[in-house]
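Let's take a walk through this structure together, starting with the whole chain and then stopping at a few local features. Keep the viewer open as you read.

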Amino acid sequence: MREAVQPPVSSVSARDASVHANLVGRAHEVVADIHQSGAATLALAVLVGGAALFLGASVWRTLQGDRRGPAAAPIAMQCAGLAAAFAALAYQVKAGGWLTGADPAVLGWFTGHRSDWVTAPAIAVTDAGGPVGTIIAAVVIGAVLSRRARSPIPALILIGTVGAAALASTVTKSIVGRTRPPIVSQVLLETDHSFPSGHATGAMALFTMAAVMFGYALPPTRRALLLVLAAAVTVVVSVTRLYLGEHWLTDVVGGVLLGGLAAVIGGALYTIWMDRTRTRGARSPDEVITDSGRSDPTTMGYAA
């Protein structure tokens, strides 16, 4: 009768250790997948919730119309919504979450649909919407508003808002540290960090602020048209960044959120200053009341 041959103890121990290591490694992968999925789900919930909060607060402010009263609550809600959405998106970009999954497909679509007659105008738009162009536009618009207001305050508010948005964009780029799209997809070579798009941030902050400041004394319909025009220009600038292969989709979305946050804060400061100026000027017999219910600032020496 033959006896079963037992494998060496060292061989059994090595095999058991290998199996144990594989099980532990697999368990860690499962836990990491669950953690990443849970974090992405939470980020998506915060992103959607922040957007909903902003929209709800915007409707609230619209329903208030020209009535005077405390607007701090809806403004704070707008800021909180945009800040939460931006923070959630930035976290997902830094972590490489699935919210960024559409970025390569969108980039591929734009790079695959380029044509000579579109590329040249896109380059012109993206050059004009760069940091230098944005600052020049802010200075010019601010000078016009300050001349009409006979005060440097409008220019300081506008330039300060755009400058603060640009600074916040630069700081966020360093924190997130996202790389640009591949060089082969870029029409204009750029190698600095990618999130958020500085062009989208600057365009959103500048043109939204311009719409708010020029539309202060206008009827609600005209103010809404100015905001729509500002949004359209921001979209055009943002799309050129995607078309030229300089940014991912989430980069420009993040830029719009950040620029919108800056514009809400800057617009609130400008509105407060204008309301106080109007209140002081209302004591003057030269003030004219327009059909919209707001005083006509052109008779008082400050901006419309």
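**A guided tour of the chain**

The accessible surface of the protein chain comes to about 16300 Å², and carbon and sulfur atoms account for 70% of that area. Do keep in mind that this is a predicted model. The chain has 304 residues, of which 40% count as buried.

What is the chain built from? It holds nine helices and zero strands, so to speak a pattern of α-α-α-α-α-α-α-α-α when read along the sequence. Contacts across the sequence are plentiful in the tally: among those in the protein chain with a separation of 6 or more, 74% join residues 24 or more positions apart.

Now zoom in on helix H4, which runs over residues 116-128. Its 13 residues span 19 Å from the first C-alpha to the last, close to the 18 Å expected at 1.5 Å a residue. Which residues of H4 are buried? They are Thr119, Ala122 and Thr126. Looking down the axis of H4, you will find these buried residues within an arc of 65°, so they line one face of the helix. Their packing partners are helix H7 (198-214) and helix H8 (220-243). Turn to the other side of H4 and you meet Trp117, Asp127 and Ala128, which are exposed.

Next come two spots in the backbone. Most residues other than glycine have a negative phi, and most peptide bonds are trans. With that in mind, look at the loop between helix H5 (131-149) and H6, where Arg150 is found. Arg150 has a phi near 55°, a positive value in a residue other than glycine. Is Arg150 buried or exposed? With a relative accessible area of 74%, Arg150 is exposed. The other spot is the peptide bond from Phe195 to Pro196, which is cis, with omega near -5°. You can locate Pro196 in the loop between helix H6 (153-176) and H7.

Our last stop is a pocket. Rolling a probe the size of a water molecule over the atoms shows where empty space is left. The second largest pocket has a volume of about 310 Å³. Its lining counts 19 residues, and those nearest its centre are Pro131, Ala166, Ser169, Gly198 and His199. The elements that give two or more residues to this lining are H5, H6 and H7. Which element gives the most to the lining? That is H6, with five residues.

Conventions
Residues are numbered from 1 along each chain as its sequence is written. This is a predicted model: local features need pLDDT of at least 70, side-chain atom pairs count only at pLDDT 80 or more; totals for chains, interfaces and linings use all residues. Side-chain values use heavy atoms; hydrogens and water are left out. Helices (H or I, at least four residues) and strands (E, at least two) are DSSP runs, numbered from the N terminus. Buried means under 20% relative accessible area, exposed over 50%, partly exposed in between (1.4 Å probe, protein chains only). Contact means heavy atoms within 4.5 Å. Accessible areas come from the Shrake-Rupley method with a 1.4 Å probe; for residues, only the protein chains shown count as cover. The expected span of a helix is 1.5 Å times one less than its number of residues. The arc is that of the directions from the helix axis to the C-beta atoms. On a 1 Å grid over the protein atoms alone, a cavity is a set of points where a 1.4 Å probe fits but cannot get out, and a pocket is an open set with protein on both sides within 12 Å along at least five of seven lines; lining residues have an atom within 4 Å of a point. Grid points are joined across faces, edges and corners, and a volume is the space filled by probe spheres set on the points.
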